[in-house]
Amino acid sequence: MSRKKIALVGAGQIGGTMALLATQKELGDVVTIDIVEGIPQGKSLDIAHGTAILGSSVSLTGSNDYAALEGADVVIVTAGLPRKPGMSRDDLLEVNFGIIKTVGENIKEKAPNAFVIVVTNPLDAMVYAMCQVTGFPPYKVVGMAGVLDSSRFASLIAMEAGVNPADVTCLVMGGHGDTMAPLIRYATIGGVPATQLVPLETLEQIASRTAKSGGEIVGLLKTGSAFYAPGLSAIKMAEAFLKDQKSVVTCAAMLNGEYGVDGLYCGVPVVLGAGGVERILEVELDEKEKSAFDTSVAAVTELTEWVKKKL
Ligand code: APR
């Protein structure tokens, strides 16, 4: 079997975290690319210095040249600005769109067969832009958000219930913004509906905290946004693709009529495997859930329309 190659565009907080995780998991050789000289080289060398401790055979390189994308099986894009206190993800739209355009054109040219995972915010609009700029089929271009939002919801429920987070499963749908829809009815603890084990009012508070979790971290860090859990989430998606795991995860995928939405990237549960997004799962939503999802879709539509005009 040939060695896999993972290209990380953006060697900042999330990029560096992902390089370490991919090395630990031996997912493939890792190349990090950034516009700042020294950062991708320095982080790669730093992690490479630990491969003897990790017992990892991964080769790491850092570059300031998009040519390093050549031959990548997976490209994960975090290039862009993160939020600062007081900013919403949407405030990043204009500057990050320009960056995604440049990065997308280079991926198209140098890694035409790659599976692309976008992390840059505002997520749903940026992954739409990436799909259009590369011209790749939508099943090969996805956005990382739902894995993170669902993990945040599950971890907060586990803290409240005093149980192992691994035993909690959650589903958060919609856009990766303040309007995301954490679905309380689909939260389970060891297969038991969470509503049977945790008071509904508490679950509602946790759902609301989940939607604001990104902002909570920005408020605490003050100089940037979350990176450990986002890094873990994107690497989980890369692993599902590289190992053909058929994982059921929520990610921003192109909808073509599913959930009554057409031609828009939005967070929905999918099956991720070697074929990329192999299936979009259509779960039943009651009236309240559908209305929350639709509100989120409306917010995503607004940003995506802005992108469409600029493409
Ligand atoms: N090509 C490559 N790298 C770039 C480019 C570009 N055109 N433009 C910016 N970068 C790099 C920056 O130099 C920086 O090192 O992207 C990196 C981003 O890293 P951080 O600022 O540390 O941001 P991070 O926390 O990793 O978040 C990245 O993901 O969750 C989103 O909102 C977040 O949009 C942000 C992105």
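Leaving aside neighbours within four places in sequence, I76 is in contact with A7, L8, V9, M18, I117, V119, A234, I235 and A238. The model is a predicted one. I76 also belongs to the largest nonpolar core, where I76, I117 and F293 touch the most other members. Beyond the cores, this briefing covers two pockets and an open sheet.

**Nonpolar cores**

- The largest nonpolar core holds 49 residues.
- Helix α9 supplies the largest share of this core, seven residues.
- A separate, second core has 36 residues, including A79, L93, A114 and Y265.
- In soluble globular proteins, nonpolar side chains tend to be buried together.

**Largest pocket**

- The largest pocket encloses about 900 Å³ of space.
- Its lining counts 43 residues, and T78, A79, G80, L81 and P82 are the closest to the pocket centre.
- Five elements each give two or more residues to this lining: α1 (13-24), α2 (39-48), α4 (93-110), α6 (146-161) and α8 (213-221).
- Among the elements, α4 gives the most, with four residues.
- By class, the lining splits into 21 nonpolar, 16 polar and six charged residues.
- A79 is one of the residues closest to the centre of the largest pocket, and A79 is also a member of the second core.

**Second largest pocket**

- The second largest pocket has about 540 Å³ of space.
- Of its 23 lining residues, V147, S150, S151, C170 and K236 sit closest to the centre.
- Two or more lining residues come from each of α6, β7 (168-169), α9 (228-242) and β12 (247-256).
- Helix α6 gives the most to this lining, with six residues.
- The lining comprises 15 nonpolar residues, seven polar and one charged.
- Helix α6 gives two or more residues to the lining of the largest pocket and also contributes to that of the second largest.
- Helix α9 helps line the second largest pocket and gives seven residues to the largest nonpolar core.

**Open sheet**

- Three strands make an open sheet, ordered β7-β10-β11, with antiparallel pairing.
- Strands β7 and β11 (192-193) are the edges, and each pairs on one side only.
- Two bridges connect β7 with the antiparallel strand β10 (residues 188-189).
- V168 has I189 in β10 as its bridge partner.
- Strand β7 is thus shared by two topics: an edge of the sheet and a contributor to the lining of the second largest pocket.

Conventions
Residues are numbered from 1 along each chain as its sequence is written. This is a predicted model: local features need pLDDT of at least 70, side-chain atom pairs count only at pLDDT 80 or more; totals for chains, interfaces and linings use all residues. Side-chain values use heavy atoms; hydrogens and water are left out. On a 1 Å grid over the protein atoms alone, a cavity is a set of points where a 1.4 Å probe fits but cannot get out, and a pocket is an open set with protein on both sides within 12 Å along at least five of seven lines; lining residues have an atom within 4 Å of a point. Grid points are joined across faces, edges and corners, and a volume is the space filled by probe spheres set on the points. Ala, Val, Leu, Ile, Met, Phe, Trp, Tyr, Cys and Pro count as nonpolar, Asp, Glu, Lys and Arg as charged, and the others, Gly among them, as polar. A nonpolar core is a set of buried Ala, Val, Leu, Ile, Met, Phe, Trp, Tyr and Cys residues joined through side-chain atoms within 4.5 Å. Buried means under 20% relative accessible area, exposed over 50%, partly exposed in between (1.4 Å probe, protein chains only). Contact means heavy atoms within 4.5 Å. Two strands pair if DSSP finds at least two bridges between them.
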